Amino acid sequence: MKLFGSRLFGQAIKAAGVGAALILSVSASHSQSGPFVGFSGSWSGNGTVALSDGKTERIRCKASYKVNSTGLSLKQTLRCASDSYKFDLSTDVTSQGNRISGNWSEASRNLFGNLQGTAGGGQIEVFVEASGFAASVTLRTTGKKQTVQISSKGEIRGVNITMSKDG
């Protein structure tokens, strides 16, 4: 009877090990296919901002992206400044398939709101809203290059940024 019990216990341990291996392999492959793959890390670059008064200024930007281990959520900060203008944007988004939703805030103007859109294949397209403000944002990442485009009818009419991955 003791031999049967230890054999059963050994089979249970093997089954648990196989189950854990399957869970880890599913998690690992899932993180490879998440919609935010390729965004993680620090980025920097420059571009232009077009303001509502018709002026266009050069801006310098730094971005940071943190993708969780499943590849299904993303936290982003994007800080840009010119000689007379700056913005400090943060987002926190999650995905269900290629659909994404979440929250965003802009610290220097105390704006915050919701966003929704799509992500996948190195591209994120979202529509952001807040009280009295709306904008479309597109991020495209190819290897170590990224472009960010923002268009709105507010104080910022358009932003075009090209960044490279740091490190």
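Me: Over how many bridges do strand β1 and strand β2 pair?
Reply: In this predicted model, strand β1 covers residues 41-51 and strand β2 covers residues 56-67. The two strands run in the antiparallel sense. Their pairing extends over 10 bridges.

Me: Which residue in the turn between β1 and β2 has a positive phi?
Reply: β1 and β2 form a hairpin, with 4 residues between them. One residue of this turn has a positive phi of about 95°. That residue is G54.

Me: Which residues are the bridge partners of G45 in β2 and in β10?
Reply: β1 pairs with β2 over 10 bridges, and 9 bridges join β1 to strand β10, residues 156-165, in an antiparallel arrangement. G45 has a bridge partner in each of these two strands. In β2 the partner is C61, and in β10 the partner is M163.

Me: How many strands make up the closed barrel?
Reply: Strands of a sheet pair through backbone hydrogen bonds, either parallel or antiparallel. In this barrel the pairing is antiparallel, and the order runs β1-β2-β3-β4-β5-β6-β7-β8-β9-β10. From one strand to the next, the twist averages 20°. The closed barrel has 10 strands.

Me: Which residue in β5 stands opposite T94?
Reply: β4 and β5 run antiparallel and are joined by 8 bridges. T94 faces a residue of β5 across this pairing. The residue opposite is S101.

Me: What is the volume of the largest pocket?
Reply: The lining of the largest pocket draws at least two residues from each of β3, β4, β5, β6, β7, β8 and β9. Lying nearest the centre of this pocket are L89, W104, V128, V137 and I150. Its volume is about 410 Å³.

Me: How many residues of the lining of the largest pocket are nonpolar?
Reply: The largest pocket is lined by 29 residues. Of the lining residues, 5 are polar and 3 are charged. The nonpolar residues number 21.

Me: Is N110 buried or exposed?
Reply: Most residues other than glycine have a negative phi. N110 is not a glycine, yet its phi is positive, at about 55°. This residue lies in the loop between β5 and β6. Because its relative accessible area is 62%, above the 50% cut-off, N110 is exposed.

Definitions and conventions
Residues numbered from 1 in each chain as written. Predicted model: local features only at pLDDT ≥ 70, side-chain atom pairs only at ≥ 80, totals over all residues. Heavy atoms only, no water. 1 Å grid on protein atoms, 1.4 Å probe; cavity = no way out; pocket = protein on both sides within 12 Å on 5 of 7 lines; lining within 4 Å. Points joined across faces, edges and corners; volume = space filled by probe spheres on them. Nonpolar A, V, L, I, M, F, W, Y, C, P; charged D, E, K, R; others polar. Pairing = 2+ DSSP bridges. Axes fitted to C-alpha atoms, helices over the stretch in contact; angles between N-to-C directions. Buried < 20%, exposed > 50% of the residue type's maximum accessible area, 1.4 Å probe, protein only.
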